[in-house]
Amino acid sequence: TKKAIEKAKEKSELNVFITLTEDFALETAHKLDEKVKKGEELKLFGLPVAVKDNINVKGYATTCASKILKGYVSPYNATVVEKLIENGAVIIGKANMDEFAFGSTNETSAFGPVKNPYDKERVPGGSSGGSAVSVAADIVPFALGSDTGGSIRQPAAFCGVVGVKPTYGRVSRYGLVAFGSSLDQIGPFSYDVCGAGLLLEAISGFDKNDSTSVDKLANFKPELRDLKGLKVGVIEEYAEKIEQEDVKEIYYRVLEYLKASGAEIVKLDMPHIKYSIAAYYIVATSEASSNLARFDGVRYGNRVHSDNVKDMYLKTRSEGFGEEAKRRILLGTFALSSGYYDAYYLRALAVRKLIAKDFEKAFSNVDIIFTPATPTTAFKLGEKLDNPLEMYLSDIFTVPVNLAGLPAITLPVDFSKEGLPVGMQFISKWFDEKTMLDVAYTVE
Ligand code: GLN
């Protein structure tokens, strides 16, 4: 625990943490001594963990990397935090992120961007950039992030670590500050697939405080499996969406490896997947605009005083939210407005259903789907900041998974010509994380 805290401080130039939970960490570690004496066996015994700063840890600030939550201290632990503690993990800090998890680069954080440890001029990805770098920079072996449209898998790919987005409902969202409630899932970052399985197992399960969580058996210890006869689905048009030649080469090389190992490659017909980005940015911003309505200067965090309520509300929100949060509130509110609701929101929901159906059909014929994780390697800081549309388009390989509620993993497979990590993605059937982990473990 002390070593991890020391490393976090030494590597402060990476800007990984918003808050270090040092006192709490030492207290937890001391309590573990007692548990050891009692002979208790704990899955995550003594392992230091970083937690994204949109997940509540009792007695510490939850900032969501936003100015609007200034002064807010959480009075309770998120369910995943309770589970970490029960399993013997030690939480050492709250990791930096994009404001309210809006973004793909960590640049929307009110606390400044996290730096990619492979090249400090580059972004770590987002929105869980701090969590990804806490593991990639070897500060902690484990971190938790949240994934609404790729926020675990994309930064994992940009930083050369493993990231898992569980099936929707696998992990309780109680104590996670909501972005898109029908899309959000908390999941693990780790050095390797085995670690991801271990952490996922520890945080999974039904929680009476989250009505969307489910009670399903979760044994996530990855095992090597014979790839012979494994039916691997590929989405052909995806290869063309890879923007970087060396990333494309690596994608095809992994595909060749799968073939050479005896896997049967099946080309999938996914007619609606091309509408994923459009549908995602309607659904996600609609839910976000509604979820952010609670930050009104009354109930949480910062308040800009005024002698009338409406003005207080206006000033608090104008000062508190950053540009991307405002953009999303505008987009979402527009899509939900009367007169536009049918044309945008309802239509996006219909498209979402069709995308899920495409996956359902695909999985009636394949065991797993293999795709790239990102169209490029990590961008330069500032590179996409002025072009939000381009930024949104870079989520192409990750958002369909959230729209359909499926589980997916990204794992590092190689390096680009410039020496940056390149990740690939495996998507499995609903609640079949086991197959996903086994295949990833074998490929790793
Ligand atoms: N990059 C996507 C977005 O900006 C995904 C973010 C996330 O998963 N939290 O919405």
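In which sense do strand E2 and E3 pair, and over how many bridges? Strand E2 (residues 48–52) and E3 pair in the parallel sense, over 5 bridges. Keep in mind as you look around that this is a predicted model.

Let's stay with E3 for a moment. Strand E3 covers residues 90–95, and 6 of its 6 residues are buried. On the E2 side, alanine 50 has glycine 93 in E3 as its bridge partner. Turn to E1 and the pairing is antiparallel, with 3 bridges joining E1 to E3. Here leucine 20 stands opposite glycine 93 in E3. So glycine 93 turns up in both pairings: it is the bridge partner of alanine 50, and it faces leucine 20.

Now zoom out to the whole sheet. It is open, it has 11 strands with mixed pairing, and the order runs E1-E3-E2-E4-E6-E5-E10-E11-E9-E7-E8. Why do E1 (17–20) and E8 (264–267) each have a side without a neighbour in the sheet? They stand at the edges and each has a single partner strand, so one side of each is left open in that sense. From one strand to the next, the twist averages 30°.

Further along the order, E11 is a good place to stop. Residues 408–415 make up strand E10 and residues 421–428 make up strand E11, and 7 bridges join the two in an antiparallel arrangement. One pair to look for is alanine 408, which stands opposite isoleucine 427 in E11. E10 and E11 form a hairpin with 5 residues between them, and glycine 419 in the turn has a positive phi of about 85°. E11 also pairs with strand E9 (residues 368–372), again in the antiparallel sense, over 5 bridges. In that pairing, proline 372 stands opposite methionine 424 in E11.

What about the side chains here? In a regular strand they alternate between the two faces of the sheet. In E11, Pro421, Gly423, Gln425 and Ile427 point one way, while Val422, Met424, Phe426 and Ser428 point the other way. Both sets are buried, which fits with the strand total of 8 buried residues out of 8.

Next comes the packing. The largest nonpolar core has 132 residues, and those with the most contacts inside it are Val49, Leu84, Ile91, Ile92, Ile368 and Ile409. Take isoleucine 91 as a way in. Leaving out residues up to four places away in sequence, isoleucine 91 touches Thr21, Phe24, Ala25, Val49, Val51, Val57, Val81 and Leu84.

Valine 16 offers another view. Its place is in the loop between helix H1 (2–10) and E1. Valine 16 counts as buried because it has 31 C-beta neighbours inside 10 Å, and the cut-off for that is 20 or more. If you set aside neighbours within four places in sequence, the contacts of valine 16 include Ala8, Lys11, Ala95 and Asn96, along with Val133 and Ser134. Compare a residue much further along the chain: valine 16 and leucine 403 are 387 residues apart in sequence and 29 Å apart in space, C-alpha to C-alpha.

Val133 and Ser134 take us to helix H4, as both are listed among its buried residues. H4 spans residues 129–136, and 8 of its 8 residues are buried. Just after H4, aspartate 138 takes a positive phi of about 65°.

The loop between E3 and H4 has some backbone details worth checking. Serine 127 lies in this loop, and a cis peptide bond with omega of about 10° joins glycine 126 to serine 127. Asparagine 106 is in the loop too; its phi is near 75°, a positive value in a residue other than glycine. With 34 C-beta neighbours inside 10 Å, asparagine 106 counts as buried. Alanine 101, also found in the loop between E3 and H4, has a positive phi near 70°. It is buried, with 29 other C-beta atoms within 10 Å.

Alanine 101 leads to the last stop, the ligand. Which residues are the closest to the ligand? Of the 13 residues that surround it, the closest are Ala101, Ser104, Thr148, Gly149 and Ser151. By type, the shell divides into 4 nonpolar, 7 polar and 2 charged residues.

Notes: Residues are numbered from 1 along each chain as its sequence is written. This is a predicted model: local features need pLDDT of at least 70, side-chain atom pairs count only at pLDDT 80 or more; totals for chains, interfaces and linings use all residues. Two strands pair if DSSP finds at least two bridges between them. Helices (H or I, at least four residues) and strands (E, at least two) are DSSP runs, numbered from the N terminus. Axes are lines fitted to C-alpha atoms, for helices over the stretch in contact, and angles run from 0 to 180 degrees between N-to-C directions. A residue is near a molecule or strand if its C-beta atom, placed from the backbone, lies within 6 Å of it. Ala, Val, Leu, Ile, Met, Phe, Trp, Tyr, Cys and Pro count as nonpolar, Asp, Glu, Lys and Arg as charged, and the others, Gly among them, as polar. A residue is buried if 20 or more other C-beta atoms lie within 10 Å of its own, exposed if 12 or fewer, and partly exposed in between; C-beta atoms are placed from the backbone. Two residues are in contact if their C-beta atoms, placed from the backbone, lie within 7 Å. A nonpolar core is a set of buried Ala, Val, Leu, Ile, Met, Phe, Trp, Tyr and Cys residues joined through C-beta atoms within 7 Å.
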